[in-house]
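Biologist: I should be grateful for a close look at one part of this predicted model. Please begin with a salt bridge between helices, and then follow the account outward to the rest of the structure.

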Amino acid sequence: MSDDQPRWLPLSELRRRRSYKWRAYPADVIPTFVAEMDVTLAGPVTRALEDAIAAGDTGYATSDPELVQTAASFHHARFGWHVDPADIRVIPDVMAGVSELLRRAVPPGSGVVINTPAYPPFFHHIGETRCRVVEAPLARAGSGWVLDLDAVEAAFTQGAAVYLLCNPHNPTGLVMTEEELRKIAELAERFRVLVLADEIHAPLTLEGARHVPFLSLPEAQARGIALVSASKAWNLPGLKCAQLITAAPALRALVRRLPEELVAGAGILGVIASTAAYRDGGPWLDQLLVLLDRNRRLFGELLAERLPGVGYVPPQGTYLAWLDCTRLELGGEPAKVFLKKGRVALRRGSDFGSVGTGWVRATIATAPEILVEIVGRMRAAAG
Ligand SMILES: Cc1ncc(COP(=O)(O)O)c(C=O)c1O
């Protein structure tokens, strides 16, 4: 159904989906463990995909000039970031870009800094490319999260070669400030560290926060490569399309060394949908951000009312909720208890690094009544 307003789907329709989120658990479980939204597609995306299907346009993807042009225009209009379309490379997904870059940019054994708690596949991909995880945990400041620049500097001092910077941050939803990003650029320059800026959640920056693309800062350009995608904001991850962006000659040369075939791993429907999303999906995205803003507030109210022992900092960006369940005394893996006793599947906190023991991550991009049900089930499980 084509629809220009985002609309949350009811469970009866969601259960017909064939995505991992809806197939991983039995039908009596509510899944909220994957960063995927329970929403209808943006009208321009639906129409572009329908046209492609009608035309049988399902061959191999290419570095599509329309996609790189619309991606550049979107990033300029949304964030004031001037990107030369010639500096954009189409890749299948962000993590494929991270792996390919790590393989070529640094020797095996190199340290890669991540801010823990960290998106679980970061650990896997760093290990799989024979690099080494160096944790620079985020810190708490008042009621929120903050980047610990001293921890980042300490990691650089100890010889880390790469900083896999996740901003907005998964799972905390922290959006880093321009000042912090400038400091990162300065440290990266001083210690000659390559910064891979994973900005996949950038279009999901919520009211009250401002996303500053790392490469929009001139001092960051010599040491940074950005990885962006329409996949999170317009809910297209299964269509396989992301973009890698450089702004300095040495890093352009590194990107040129990536295998030509990489682009063939992207999905043509991903290329088509991303082009439509970047070009015409802005109004839909703005509506979505309003819904997500309401959800992050509602989720906080529900927790305060029914599970006051759970610590929750509303995300500044993303639709993720990183929940401190340590006071519930459900053991090191509360996700197990929530699943077994409450039939609600949250992502295990320990997957995000040892700092996540006793925590869980939820996805709040869903209908308010499903959020009510999620918290109700967590409450029932917590006893
Ligand atoms: C921070 C972050 N990076 C990367 C990804 C994965 O992106 P892709 O499917 O493009 O590899 C996700 C997915 O949720 C994510 O949250």
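Modeller: E153 has a relative accessibility of 23%, so it counts as partly exposed. Its partner, R190, is likewise assigned to the partly exposed class because its relative accessibility is 47%. The model is a predicted one, and in it the two side chains meet in a salt bridge with an N to O distance of 3.6 Å. E153 belongs to helix α7 (residues 149-157) and R190 to helix α8 (residues 178-191), so this pair ties together parts that are 37 residues apart in sequence. Elsewhere, salt bridges with shared partners link E100, R103, R104 and E128 into one network.

Within that network, E100 and R103 form a salt bridge whose closest N and O atoms are 3.6 Å apart. Both residues lie in helix α5 (residues 94-105), with a spacing of three residues, about one turn of the helix. Their surroundings can be read from the accessibilities: E100 counts as buried because its value is 15%, whereas R103, at 39%, counts as partly exposed. The dividing value here is 20%, since buried means under 20% relative accessible area.

The structure holds 23 salt bridges. Another of them joins R252 to D87, with 2.6 Å between the closest N and O atoms. R252 is placed in helix α9 (residues 249-256) and D87 in the loop between α4 (65-79) and β2 (88-91), so the contact ties together parts that are 165 residues apart in sequence. R252 is partly exposed, at 28% relative accessibility, while D87, at 10%, is buried.

The loop between β7 (162-166) and α8 also deserves attention, for it contains P168. P171 has its place in that loop as well, between β7 and α8. Each proline follows a cis peptide bond: N167 is joined to P168 with omega of about -5°, and N170 is joined to P171 with omega near 15°. Most residues other than glycine have a negative phi, and most peptide bonds are trans.

N170 also belongs to the surroundings of the ligand, which consist of A35, D93, V94, M95, Y119, C166, N170, D198, I200, H201 and K232. By class, this shell has six nonpolar, two polar and three charged residues. Three polar contacts may be described in turn. D93 places a polar side-chain atom 3.5 Å from an oxygen atom of the ligand. M95 contributes through its backbone, a polar atom of which is 3.0 Å from a ligand oxygen atom. D198 approaches a nitrogen atom of the ligand, with a polar side-chain atom at 2.5 Å. On its own the ligand has 400 Å² of accessible area, and the protein covers 93% of this.

Two further loops hold residues with a positive phi. K240 lies in the loop between β9 (224-228) and β10 (242-245). Its phi is near 60°, although it is a residue other than glycine, and it counts as partly exposed because its relative accessibility is 34%. T318 lies in the loop between β11 and β12. Its phi is near 75°, again a positive value in a residue other than glycine. With a relative accessibility of 1%, T318 counts as buried.

The strands on either side of T318 lead to the last part of this account, an open sheet. Four strands form this sheet in the order β11-β12-β15-β14, with antiparallel pairing. β11 (311-312) and β14 (347-348) stand at the edges, and each has a single partner strand, so one side of each is left without a neighbour in the sheet. For β11 the antiparallel pairing with β12 (residues 320-324) runs over two bridges. In one bridge Y312 is matched with L323 of β12.

Definitions and conventions. Residues are numbered from 1 along each chain as its sequence is written. This is a predicted model: local features need pLDDT of at least 70, side-chain atom pairs count only at pLDDT 80 or more; totals for chains, interfaces and linings use all residues. Side-chain values use heavy atoms; hydrogens and water are left out. A residue is near a molecule or strand if one of its heavy atoms lies within 4 Å of it. A polar contact is a pair of N or O atoms within 3.5 Å; within protein, one must be able to donate a hydrogen and the other to accept it, and residues adjacent in sequence count only if both atoms are side-chain atoms. Accessible areas come from the Shrake-Rupley method with a 1.4 Å probe; for residues, only the protein chains shown count as cover. Ala, Val, Leu, Ile, Met, Phe, Trp, Tyr, Cys and Pro count as nonpolar, Asp, Glu, Lys and Arg as charged, and the others, Gly among them, as polar. A salt bridge is a side-chain nitrogen of Lys or Arg within 4 Å of a carboxyl oxygen of Asp or Glu. Buried means under 20% relative accessible area, exposed over 50%, partly exposed in between (1.4 Å probe, protein chains only). Two strands pair if DSSP finds at least two bridges between them.
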